[in-house]
Amino acid sequence: MKIRLPNVLERLRHGLYPLVRQWQASRARRWLLAWLQELHGLLPTPLRARLASGPAVQRLAWPLPTRLDATCPAVLELPALEVMAQTITLPAAATADLTRVLAFELDRYTPYAADQVHFTARVLRRNGDQARVLLVAVSRERLAAILEQCQAAGLTLRGIDAKAGNGEPLGIDLLPAHLRPAPSRTARLNRGLAVGAVVLLAALMLATLGQRQAQVDRMAQAVAQQRQQVQALEAVRHELTDTQGAARYLARLKTARPTATALLTELSACLGDDTWLEQLEVRDNGDVSLSGQSRHASALISRARDCHSLQGAHFQGVIQPDSHTGNDRFALAAHLSQEAADAPTPDPQ
């Protein structure tokens with residue numbers, strides 16, 4: 001998007017004109033000027049001359065008075081009858097290049113062609129997508145005559161304003177651009193200082209934003225580290241809880257399961273003196289397998305029912321006679337009878 005700096009400055013100048021008028025008529029301005037004048041009088045003469053911004057500007061009404069001070073620059077105020085002033089409504093987008101837009105449509109608002117009049121305009125207010133614009137035009141021939149008479153009187157013009165029907169200044173400048181005075185050294189210095197102040201303010205704002213962004217980044221990094229530490233602690237806590245649950249489960253399982261000595265004692269009493277065990281295996285899941293020899297192997301199932309530590313006893317394979325001992329070889333399988341041990345439960349998320 002292209003922004004035309006002259007148009008922006010013109011719109012800014014017209015927008016600030018009512019505030020400038022109020023400031024110029026205020027009592028605070030008079031007090032400030034008096035105070036500055038007192039300070040100015042306290043300065044050494046060479047410094048006062050160096051700081052002087054030039055003579056004051058006088059405002060003269062047209063036609064020119066018979067007696068005037070030609071050494072003092074002036075702003076000429078034209079009466080309402082000398083200009084064509086009207087308020088028009090334009091699209092708000094047209095105010096971006098107001099002078100060029102009005103140059104194409106000037107014949108709609110004045111009885112002259114664009115090359116026959118000199119005009120200026122300023123935006124009064126905006127309302128949504130519409131803008132109210134003050135258009136002031138004067139005949140080029142009439143303006144040339146006014147400028148010629150001012151030049152003949154030796155008057156240096158700083159601007160040409162016009163009055164409304166009620167006598168109030170319109171706050172415009174009809175002086176052609178090529179006749180406007182170049183900014184003085186003091187004005188250029190003030191403008192440079194203003195631009196420098198704006199640049200420094202922008203740099204300060206950017207630096208402040210940069211520092212705050214860096215602080216936010218550091219805080220975000222610290223929060224991320226703390227979050228990782230919390231997650232690691234949560235993982236350790238879950239692992240510890242699971243380990244404790246497993247340890248409690250194993251302890252309950254060990255407590256519920258009979259010891260090997262008690263199991264052997266009970267088997268000796270249940271199976272009888274005519275039975276010899278050659279192998280006894282107790283697995284972690286509670287399954288029990290035992291094998292050996294017995295004179296009455298077929299009666300071992302009913303005897304195993306008398307063992308309170310065993311349940312579900314049954315033969316594994318067939319009973320086979322042993323030719324060397326004359327006994328029967330058997331293999332039994334059963335399950336330890338114990339109270340149900342609770343399995344470890346993970347810690348809820």
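Start by selecting strands β1, β2 and β6: these 3 strands form an open sheet in that order, with parallel pairing. Look at the two edge strands, β1 and β6. Each has a single partner, so one side of each is left without a neighbour in the sheet. From one strand to the next, the twist averages 25 degrees. Keep in mind as you go that this is a predicted model.

**Inside the parallel sheet**

Zoom in on β1 and β2, which run parallel and are joined by 4 bridges. For one spot to click on, pick glutamine 58, which stands opposite alanine 74 in β2.

Stay with these two strands and show side chains. Which residue does arginine 59 form a salt bridge with? The partner is glutamate 77, and the closest N and O atoms are 2.5 Å apart. Arginine 59 sits in β1 (residues 58-61) and glutamate 77 in β2, 18 residues apart, so to speak a link between distant parts of the chain. Are the two ends buried or exposed? Arginine 59 counts as partly exposed at 45% relative accessibility, whereas glutamate 77 is buried, with a relative accessible area of 11%.

Now add Asp161 and Lys163 to the selection: salt bridges that share partners join them with Arg59 and Glu77 into one network.

**The antiparallel sheet**

Next, select β3, β5 and β4. Here 3 strands make an open sheet in the order β3-β5-β4, this time with antiparallel pairing. β3 (84-91) and β4 (117-127) are at the edges with a single partner strand each, so one side of each has no neighbour in the sheet. Ignoring direction, neighbouring strands in this sheet are turned by 25 degrees against each other on average.

Follow β4 alongside β5 (residues 130-139): the two pair in the antiparallel sense over 10 bridges. Valine 117 stands opposite serine 139 in β5, and asparagine 127 has glutamine 130 in β5 as its bridge partner. Between the strands, this hairpin has 2 residues, and glycine 128 takes a positive phi near 70 degrees.

**A helix that touches both sheets**

Select helix α6 (residues 140-152). On the antiparallel sheet, α6 packs against β4 and β5, its direction making about 65 degrees with that of β5. Rotate the view and you'll find α6 lying across β2 and β6 as well, running at about 140 degrees to β6.

**The largest core**

In soluble globular proteins, nonpolar side chains tend to be buried together. To see this here, select Leu76, Leu78, Cys150, Leu157, Ile160 and Leu174, which touch the most other members of the largest nonpolar core, a set of 22 residues. β2 (74-78), β5, α6 and β6 (157-162) each supply at least two residues of this core. Which element gives the largest share? That is α6, with 4 residues.

Then click on leucine 174 and show its surroundings. Leaving aside neighbours within four places in sequence, leucine 174 is in contact with several residues, including Val83, Phe119, Val136, Leu143 and Ile160.

Further along, there is a second, separate core of 15 residues; Leu263, Val288, Leu290 and Ala334 are among them.

**More salt bridges to click on**

Side chains of opposite charge can pair when their charged atoms come close. The count of salt bridges comes to 12. Select arginine 303 and aspartate 274, whose side chains meet in one of them at 2.9 Å, N to O. Arginine 303 lies in helix α9 (residues 300-304) and aspartate 274 in the loop between α8 (260-271) and β7 (275-282), so the pair ties together parts 29 residues apart in sequence. Aspartate 274 is buried, with a relative accessible area of 11%.

Another stop is arginine 329 with glutamate 278, a salt bridge at 2.8 Å, N to O. Arginine 329 is in strand β11 (residues 328-336) and glutamate 278 in strand β7, so this pair ties together parts that are 51 residues apart in sequence. Arginine 329 is partly exposed, with a relative accessible area of 33%.

**A helical stretch, then the whole chain**

Select residues 216-243, where UniProt, in an unreviewed entry, places the feature "coiled-coil region". In the model this span is 100% helix and 0% strand, and its end C-alpha atoms lie 40 Å apart.

Finally, zoom out. The protein chain has 9 helices and 11 strands, and buried residues make up 27% of its 349 residues.

Conventions:
Residues numbered from 1 in each chain as written. Predicted model: local features only at pLDDT ≥ 70, side-chain atom pairs only at ≥ 80, totals over all residues. Heavy atoms only, no water. Pairing = 2+ DSSP bridges. Axes fitted to C-alpha atoms, helices over the stretch in contact; angles between N-to-C directions. Contact = heavy atoms within 4.5 Å. Core = buried A, V, L, I, M, F, W, Y, C linked by side-chain atoms within 4.5 Å. Buried < 20%, exposed > 50% of the residue type's maximum accessible area, 1.4 Å probe, protein only. Salt bridge = Lys/Arg side-chain N within 4 Å of Asp/Glu carboxyl O. UniProt positions renumbered as here; feature names shortened; annotations may be inferred.
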